[in-house]
Amino acid sequence: MLSVSRLYQLLTHAYAAIPEHLFRGGYSFPPLRVAFILTHRCNLQCRFCMVWSSYQKERKKGIKRQELSLEEIKGVIDQLPGYSVITFTGGEPFLRRELMEIVRYSTKKHRCHIVTNGTICNEEEIEEITARRVSSILGKGVLSVGISIEAVGEVHDKIVGIPGSFDKTLRTIKTFQQEKSKRGSRYPLIDLKITIGDYNFSSLRELYDLALDFKVDLCSFQVLNTQSSSYGIEDNNPLAHLTPPKPFTPINSDLLQEQLRYLAERSVKAFTKVRFNPNMPLAEVVNYYLNRVELSKFSCHTPWHTMHIGPYGEVYPCFSYSMGNVRKKKISEIWNGKNYKRFRKELRKEGVFPGCAGCCIMEYKG
Ligand code: SF4
Ligand code: SF4
């Protein structure tokens, strides 16, 4: 029998495939998923992350930009169909003091996800988010909370650059689980987000064991993306999509394989499921870190179903190419405007671009 999440995946695929194949001009149905990158600010400094570092570079150059206000965000939400699923992420979204107001507003009509590093949300916020959960996978409310965690204990703190972060993140995971169990609820799903890098790949087992102890719902292991042009990070390369990301330095592939195998085997019968992003066989994950990714095995339909809105209102398909700004145009004008249509047409021709290697939302077709 099909699981609900697999069914949802197939529906998303069909939602994108119909306009992709029917309308050759690049037209698409309204966005099924919308991700608000609410801020580029972050209280952590993860060593692999370009969001906080590019924000700091901008500040040093004296560049200051105005993030979308609460009213502007509400105005965008009002333009979305009720079936659009909204993600709030960053940077660290809890640095936006209006976050809870944004969550209250959006959950009236939409299913939502929140992605955080779990270090600065307080107990009241966790309680309210849990109270605003969906009652079923198709209901309105908060469906999941993604919490980024990179390793256990001091190793995590070293990766994220701020001592004491691990304990704070762990406290957040624990508090969410307590709130859920108080209410006897499955939702919001707690999804630990782990980026695999040479700094943590030898301790993935340990991290998964911790997730099992806390009975979180999901561990999403994503490959490290070294693409410097993504979701509004400053990058002036107009041909970023044709530019392969930086290669990795050699890794101990046997050790990585052993760790991945443990995760895959252990998760078959465990409550905490494991997902790899992109969703591909373990051997391909190892190949990726050996710089042997074969792009012909992947495809992408994301620009037909998902829109990303940066902190300053620019809309991005994925690379930092502006498709238009929500301060100047309606969502429908941007979504089916000439920039988006051109990008979709080019992607349909190519399957995926050389610059896509490392994107965690590529689809594996084998
Ligand atoms: S918590 Fe997220 S946004 Fe912040 S530095 Fe780490 S990866 Fe980047
Ligand atoms: S696979 Fe490429 S085109 Fe598709 S979302 Fe990722 S970066 Fe964009």
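## The strand 9 hairpin

Let's start at one end of the sheet: strand 9 and strand 10 run antiparallel to each other, paired over 2 bridges. Ile 309 sits opposite Val 315 of strand 10. This is a predicted model, and in it the hairpin has 5 residues between the two strands. Among the residues of that hairpin, Gly 313 takes a positive phi near 95 degrees.

Strand 9 covers residues 306-309, and its side chains split two ways: Thr 306 and His 308 point one way, Met 307 and Ile 309 the other, and all are buried. That fits the general pattern, as side chains in a regular strand alternate between the two faces of the sheet.

## The rest of the sheet

Zooming out, 9 strands make up an open sheet with mixed pairing, ordered 7-6-5-4-3-2-1-9-10. Strand 7 (273-277) and strand 10 (315-316) are at the edges with a single partner strand each, so each has one side without a neighbour in the sheet.

Strand 9 also pairs with strand 1 (residues 33-37), this time in the parallel sense over 4 bridges. There, Ala 35 stands opposite His 308 of strand 9. Elsewhere, strand 3 (residues 111-116) and strand 4 (residues 141-148) are parallel too, over 6 bridges, with Cys 112 partnered by Val 142 in strand 4.

## Two ligand shells

Ligand 1 has 13 residues around it, and the closest are Cys 42, Leu 44, Cys 46, Cys 49 and Asn 117. That shell breaks down into 7 nonpolar, 5 polar and 1 charged residues.

Around ligand 2, the shell holds 10 nonpolar residues, 1 polar and no charged. Its members include Cys 300, Cys 318, Cys 356 and Cys 359, along with Thr 302, Leu 347 and Phe 353.

Methods:
Residues are numbered from 1 along each chain as its sequence is written. Chains are lettered from A and ligands numbered from 1 in the order in which they are written. This is a predicted model: local features need pLDDT of at least 70, side-chain atom pairs count only at pLDDT 80 or more; totals for chains, interfaces and linings use all residues. A residue is near a molecule or strand if its C-beta atom, placed from the backbone, lies within 6 Å of it. Ala, Val, Leu, Ile, Met, Phe, Trp, Tyr, Cys and Pro count as nonpolar, Asp, Glu, Lys and Arg as charged, and the others, Gly among them, as polar. Two strands pair if DSSP finds at least two bridges between them. A residue is buried if 20 or more other C-beta atoms lie within 10 Å of its own, exposed if 12 or fewer, and partly exposed in between; C-beta atoms are placed from the backbone.
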